[in-house]
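The following exercises are intended for a reader who meets this structure for the first time. Each task is followed by a solution that proceeds step by step.

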Amino acid sequence: MKNEQRQFQGGMQIARIPQISGLYAWYYKPLLLENANDLTKTLTSFLDNQQEIKTQINMRYGVKLISESPLNIFYGSNNQSLAEIFSEAIQYGENFITHFFKSEAVQFFTRPIYIGIAKNFYTRVYQQHYLSLVEMWDDNSRISKYLTLHPEVNVQIVMTELNLSHSFALEARVRNIAPRDLMVHIFPTDNLPQEIGTDDEDMQSEQKYRRTLEKLLQIIADPICGRR
C-alpha cells in the first residue's frame, strides 16, 4: 500500500477502508471545536478514570474492617485536577490547540483511544466499530436513552446495568464522542499469523493468538479505551 491512504475520518472515508489485514488505531480528532467545555470534558474522561481502593483488615473472631474509597487524580503541588489543567491550557492556548487537532500531528503526539488487529479492516473497523457507534448514537437506542437519564455514568456501570459486553463503540459512546470526531490510522500487513482467527468482537470466542498479540499492543501503546 505504498502511497495509499492510511488515515480515514468520517463515514464516507471509513466506508472505503481497504478489505485487507493489519493493525489499526483510533484517535480522537474533533472536526469542530466550537465549545472548549466539551473538549475539556472529553479529554478529562480519557484520563480521569474512576478508580477505587479497597482495604480489608481481618481481626479476631472473624471480624473484618473493610473500607472502600474513590481515588482522584491530582497534579503538582497545588493538587490541580485534570479538568482544571485542561481548562487552563485551553484558556491560554486555544488557537494552538485548535491548530493541533486539525493537524496530522494527532497520531504522533497523543495516545490512541483504541488499538487492535484486523483480518479485514472493512469488517472490523467500519462494520463492527464505526457502524455500531452510529447505532448507539441513535436517540432511540437503549444506550442513548440510558445516558439521557444517567449522563455521568462510566462504561462499567453501563455494561452492568444494560448487560452489555465491552466494545470500542460503547467506550466512545459513553464518553460522548461523535463518530465524526474519530480518525483511524491503519498499518496494512499480510504478516499476521493465520491462527489469530476471525474478526469477532466477542472476547470469549477470540483465539489465544489474537489475545496475545493484542496484549502486546496494549502494553506498548497503552490506548485510553483499551482492555485493562
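**Exercise 1. Determine how glutamate 68 and lysine 54 are joined, and which elements the pair ties together.**

*Solution.* In this predicted model, the closest N and O atoms of glutamate 68 and lysine 54 are 3.9 Å apart. A salt bridge requires a side-chain nitrogen of Lys or Arg within 4 Å of a carboxyl oxygen of Asp or Glu, and the pair is a salt bridge. The next step is to place each partner: glutamate 68 belongs to strand β4 and lysine 54 to strand β3, so the bridge ties together parts that are 14 residues apart in sequence. Finally, glutamate 68 and lysine 54 are both exposed.

**Exercise 2. State how many salt bridges the structure holds, and describe the one between arginine 111 and aspartate 222.**

*Solution.* The structure holds four salt bridges. In one of them, the side chains of arginine 111 and aspartate 222 meet with an N to O distance of 3.5 Å. This pair links distant parts of the chain, for the two residues are 111 residues apart. Arginine 111 lies in the loop between α4 (106-109) and β5 (114-118), while aspartate 222 lies in the segment after α9. To classify their accessibility, recall that partly exposed covers the range between under 20% and over 50% relative accessible area. Arginine 111 has a relative accessible area of 34% and is therefore partly exposed. Aspartate 222 is also at 34% and so counts as partly exposed.

**Exercise 3. Decide whether glutamate 171 and arginine 175 are buried or exposed, and give the distance between their closest N and O atoms.**

*Solution.* Glutamate 171 and arginine 175 form a salt bridge, in which the closest N and O atoms are 2.3 Å apart. Both residues are buried. A further residue to consider is alanine 169, which is placed in helix α8 (residues 168-174). Because its relative accessible area is 1%, alanine 169 is buried. Between the C-alpha atoms of alanine 169 and glutamine 207 there are 21 Å, the two being 38 residues apart along the chain.

**Exercise 4. Locate arginine 124, classify its accessibility, and identify side chains that it contacts.**

*Solution.* Arginine 124 is part of helix α5 (residues 121-136). Its relative accessible area is 0%, so arginine 124 is buried. Two polar contacts can then be listed. The side chain of arginine 124 is joined to that of tyrosine 24 by a polar contact of 3.4 Å, and to that of glutamine 128 by one of 3.1 Å. The contact with glutamine 128 may be read beside a general rule. An α-helix has 3.6 residues a turn, so residues three or four places apart point the same way. Buried residues of α5 include Arg124, Val125, Gln128 and Leu133. At the N-terminal end of α5, asparagine 120 acts as the cap: a side-chain oxygen of asparagine 120 lies 2.9 Å from the backbone nitrogen of tyrosine 122.

**Exercise 5. Classify leucine 216 and give its distance from valine 125.**

*Solution.* Leucine 216 is found in helix α9 (residues 208-221). Its relative accessibility is 46%, and leucine 216 therefore counts as partly exposed. In sequence, leucine 216 and valine 125 are 91 residues apart, whereas in space their C-alpha atoms are 20 Å apart.

**Exercise 6. Identify the residues of the nonpolar surface patch and place tyrosine 61.**

*Solution.* The patch is formed by Ile57, Met59, Tyr61, Val63 and Leu65, which together have about 550 Å² of accessible area. Tyrosine 61 lies in the loop between β3 (51-58) and β4 (64-71). With a relative accessible area of 77%, tyrosine 61 is above the 50% limit and is therefore exposed.

**Exercise 7. Describe the second largest pocket: its volume, its lining, and the helix that gives the most to that lining.**

*Solution.* The volume of the second largest pocket is about 330 Å³. Its lining comprises 16 residues, and Leu43, Phe46, Phe86, Phe101 and Thr110 are those that lie nearest the centre. Helices α2 (36-47) and α3 (82-102) each supply at least two lining residues. The greatest share comes from α3, with six residues.

**Exercise 8. Summarise the chain as a whole: its elements, extent and buried share.**

*Solution.* The chain has nine helices and six strands. Its C-alpha atoms fill a box of roughly 65 × 50 × 40 Å along the principal axes. Of the 228 residues in the chain, 41% are buried.

Technical notes
Residues are numbered from 1 along each chain as its sequence is written. This is a predicted model: local features need pLDDT of at least 70, side-chain atom pairs count only at pLDDT 80 or more; totals for chains, interfaces and linings use all residues. Side-chain values use heavy atoms; hydrogens and water are left out. Patches are made of residues with over 30% relative accessible area and no salt bridge: like charges are joined within 9 Å, nonpolar side chains (Val, Leu, Ile, Met, Phe, Trp, Tyr) within 5 Å. Accessible areas come from the Shrake-Rupley method with a 1.4 Å probe; for residues, only the protein chains shown count as cover. Helices (H or I, at least four residues) and strands (E, at least two) are DSSP runs, numbered from the N terminus. Buried means under 20% relative accessible area, exposed over 50%, partly exposed in between (1.4 Å probe, protein chains only). A polar contact is a pair of N or O atoms within 3.5 Å; within protein, one must be able to donate a hydrogen and the other to accept it, and residues adjacent in sequence count only if both atoms are side-chain atoms. On a 1 Å grid over the protein atoms alone, a cavity is a set of points where a 1.4 Å probe fits but cannot get out, and a pocket is an open set with protein on both sides within 12 Å along at least five of seven lines; lining residues have an atom within 4 Å of a point. Grid points are joined across faces, edges and corners, and a volume is the space filled by probe spheres set on the points.
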